[in-house]
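Trainee: I have a model open and would like to learn how to read it. Could you take me through it?

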Amino acid sequence: MPASPVAFLFDLDGTLYVRGTAVPGATDALARLRREGVPFRFVTNTTSRPRAELAEGLRSYGYEATESEIFTPVTAAADIARAQGCRILAPFLPVRSLVDLPDFEFTGGTSGRSGAAAPEAVLIGDLGERWSYALMQEAFGYLLGGARLIALSRDRYWRRGDALVLDAGPFVVGLEYAASRPASLAGKPSPAFFHAAAASLGVGGADRGQVAMIGDDLWSDVRGAQEAGYQGWLVRTGKFREDVFRESGVVPDRILDSVAEARP
């Protein structure tokens, strides 16, 4: 039995809210954690909206949330790009999320800009149905020209309404295969992403096993957290499917009917 957690990391879509509605009892559960002084952060692979909008969205569902409490792959990608010496980026994610990358120059992709210099890195995020052959070909061309590949997510799918739909992962894998170049991963399940969120709570090293990541994704949330040294708790909301869970081989530290049951 894992140790009782001293802090939590919460996924957003599918965990705190589903189909545009807060999960019943979830706002009360997180409010109780705040009253009891149990620290937590919001961690998401969503790249379709900047952190300020995500915080505003959480507040509209009834959660108390600030921008500084939210960790996204976009800000993590900025750290990766700086570490790799990249200043010119070709973004393949919604334009409004570029506000979280204020220190970079953009060219091509979804930026609508055309610079004299070629991009030094390609960022792949949430585009959904906006993906096209032309965009994939453009990204592929930059990679052949020497640009690095930074994946904001490798999630396989997410739930939209009653359907499971492709996430960014399949497009990342396609570009990796075509260009024979592995991507640097910015979001979950990257250990660095979990470590950054936990470090903001003052947790690191040997104490990581006392932090629980709660989410609806078996691989990015549960297995990813476990491989990084944290507890991985699965909720039966969002994209959860019993048949997929049984065949996955993933063994969560705990399984909750919903995040409303979250407590140390």
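Mentor: Gladly; we will go from the whole chain to a sheet, a helix and two single residues. This is a predicted model, so to speak of local features we need pLDDT of at least 70, and side-chain atom pairs count only at pLDDT 80 or more, while totals for chains, interfaces and linings use all residues. Residues are numbered from 1 along each chain as its sequence is written, and side-chain values use heavy atoms, with hydrogens and water left out.

Trainee: How many helices and strands does the chain have?

Mentor: Helices (H or I, at least four residues) and strands (E, at least two) are DSSP runs, numbered from the N terminus. Here there are 8 helices and 15 strands. The radius of gyration, taken over C-alpha atoms, is compared with a globule rule of 2.2 Å times the number of residues to the power 0.38. For this chain it is 18 Å, close to the 18 Å that the rule gives for 264 residues, so the chain is as compact as a globular protein of that length. Its C-alpha trace spans about 55 × 35 × 35 Å along the principal axes.

Trainee: What share of the residues is buried?

Mentor: Buried means under 20% relative accessible area, exposed means over 50%, and partly exposed lies in between (1.4 Å probe, protein chains only). Buried residues make up 52% of the 264 residues. Contact means heavy atoms within 4.5 Å. Of the contacts between residues at least 6 apart in sequence, 66% join residues at least 24 apart.

Trainee: How do I read a sheet, and what is the strand order in the open one?

Mentor: Strands of a sheet pair through backbone hydrogen bonds, either parallel or antiparallel. Two strands count as paired if DSSP finds at least two bridges between them. In this model, 5 strands form an open sheet with parallel pairing, in the order β7-β6-β8-β9-β12. β7 (105–106) and β12 (184–185) stand at the edges with a single partner strand each, so one side of each has no neighbour in the sheet. β8 and β9 pair in the parallel sense over 4 bridges, and L123 stands opposite I150 in β9.

Trainee: Which residues of α4 are buried?

Mentor: L135, A139 and L143 are buried in α4. They lie on the same side of α4 because they cover an arc of only 80 degrees around the axis, the arc being that of the directions from the helix axis to the C-beta atoms. The buried residues of α4 pack against β6 (88–92), β8 (121–124), β9 (148–151) and α5 (169–179). On the face turned away from that buried side are the exposed residues Y133, A134 and L144. Just after α4, G146 takes a positive phi of about 110 degrees.

Trainee: Is F171 buried or exposed?

Mentor: F171, in helix α5, is buried, with a relative accessible area of 18%. Leaving aside neighbours within four places in sequence, F171 is in contact with W131 and M136.

Trainee: And where is Q210 found?

Mentor: Q210 is in the loop between α6 (191–199) and β13 (211–215). Q210 is partly exposed, at 30% relative accessible area. Not counting residues up to four places away in sequence, Q210 touches P5, V6, A7 and Q231. From Q210 to P264 the C-alpha distance is 9.7 Å, with their places 54 residues apart in sequence.
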